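Got your viewer open? Let's take a walk through this one together, a stop at a time.

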Amino acid sequence: MASNPTRLVIAKALVHALALTPLAILAWQVYEVWKTGSDVLGADPVAEIEHRTGLWALRFLLITLAITPLRQMTGQPVLIRFRRMLGLYAFFYACLHLLAYGWLDMGLDVADIGRDILKRPFILVGFACWLLLLPLAATSFNRAVRWLGGRQWQALHRLVYVIAPLAL
């Protein structure tokens, strides 16, 4: 795959399509609930949206972490080219999860969110994970690697090993 740029482009397009499939399914189901009033998302559609986006954020985070060992086990160095993309999908779904909680569940009411955090501290841990993912997403571009320097960039991106157990 590494020697054939066309295959790499096709593989990346396929990964993008697969990574967006859960969102497309969820969007279709939200449309069905809105249009027909069906219960395809269960009795509490907002909670279902929160759970699905959170689970996909976690899944993509874990898939991202699995790239390096998978690359080593299979002897396929090209797999490393997908790690950044998958990490950004983890952040994307984490943003959707945060948006679903803050907007759909809490109505963007900061005082209500604060009370909810005091009542359920796991929300604070989830928000901390999102805050820790933010600089990783913001520095996931080649220019950021050059600007920070390789060692500092790597040190920053090792935060993922703090984020993953917190997210779990």
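Start with one residue: select Arg-52, which counts as partly exposed at 22% relative accessibility. Keep in mind as you look around that this is a predicted model.

**Stop 1: Arg-52 and its partner**

Now add Glu-48 to the selection. The side chains of Arg-52 and Glu-48 form a salt bridge, with N and O 2.9 Å apart. Where do Arg-52 and Glu-48 sit in helix α2 relative to each other? They are four residues apart in that helix, which covers residues 45-74, so about one helical turn separates them. Glu-48 is partly exposed too, its relative accessible area being 28%.

Before you leave, bring in Gln-29. You'll find Gln-29 in helix α1, residues 5-36. Is Gln-29 buried or exposed? With a relative accessible area of 15%, Gln-29 is buried, because anything under 20% gets that label. Leaving aside residues up to four places away in sequence, Gln-29 touches Val-40, Leu-41 and Arg-52. That makes Arg-52 a handy landmark: it bridges to Glu-48 and is touched by Gln-29.

**Stop 2: zoom out**

Pull the camera back and color by secondary structure. You should see eight helices and zero strands. Trace the chain along its sequence and the pattern reads α-α-α-α-α-α-α-α. Along its principal axes, the C-alpha trace spans about 50 × 35 × 30 Å.

Turn on the surface next. The chain exposes about 10800 Å², and 68% of that comes from carbon and sulfur atoms. How many of the 168 residues count as buried, as a percentage? The figure is 30%.

Contacts are worth a thought while you have the whole chain in view. Take the contacts with a separation of 6 or more: 60% of them are between residues 24 or more positions apart.

Now color by charge. There are 16 positive and 9 negative charges, and their mean positions are 25 Å apart.

**Stop 3: two more salt bridges**

Side chains of opposite charge can pair when their charged atoms come close. The count for this model is three salt bridges, and you've already visited the one between Arg-52 and Glu-48.

For another, select Arg-115 and Asp-112. Their closest N and O atoms are 3.6 Å apart. Both residues lie in helix α4, residues 110-119, three residues apart, or about one turn of the helix. Asp-112 is partly exposed, with 29% relative accessible area.

Then slide along to Asp-116 and Arg-120. In this salt bridge the closest N and O atoms are 2.7 Å apart. Which side of the buried line does each partner fall on? Asp-116 counts as buried at 5% relative accessibility, whereas Arg-120 is partly exposed at 31%.

**Stop 4: the aromatic rings**

Hide everything but the rings of Phe, Tyr and Trp. A pair of aromatic rings is described by the distance of the centres and the angle of the planes. Here the count comes to nine aromatic pairs.

Pick out Phe-60 and Tyr-89 from among them. This pair is tilted, with 5.9 Å from centre to centre and 35° between the planes. It also links distant parts of the chain: Phe-60 belongs to helix α2 and Tyr-89 to helix α3, residues 83-105, and the two are 29 residues apart. Phe-60 is buried at 5% relative accessibility, and Tyr-89 is buried as well, at 10%.

Next, select Phe-92 and Tyr-93. These rings meet edge-to-face, 5.3 Å from centre to centre with 75° between the planes. Phe-92 is partly exposed, at 31% relative accessible area, while Tyr-93 is buried, at 1%.

Now show both pairs together and add Trp-56. Ring pairs link Trp-56, Phe-60, Tyr-89, Phe-92 and Tyr-93 into a cluster.

**Last stop: Gly-126**

Finish at Gly-126, in helix α5, residues 122-138. Gly-126 is partly exposed, with a relative accessible area of 37%. Try your distance tool here: how far apart in space are Gly-126 and Arg-84? From C-alpha to C-alpha the separation is 21 Å, and along the sequence the two are 42 residues apart.

Key. Residues numbered from 1 in each chain as written. Predicted model: local features only at pLDDT ≥ 70, side-chain atom pairs only at ≥ 80, totals over all residues. Heavy atoms only, no water. Buried < 20%, exposed > 50% of the residue type's maximum accessible area, 1.4 Å probe, protein only. Contact = heavy atoms within 4.5 Å. Areas by Shrake-Rupley, 256 points an atom, 1.4 Å probe, with all protein chains shown as cover. Lys, Arg positive; Asp, Glu negative; His and termini not counted. Charge placed at Lys NZ, Arg CZ, Asp CG, Glu CD. Salt bridge = Lys/Arg side-chain N within 4 Å of Asp/Glu carboxyl O. Phe/Tyr/Trp six-rings, centres within 6.5 Å; stacked < 30°, edge-to-face > 60°.
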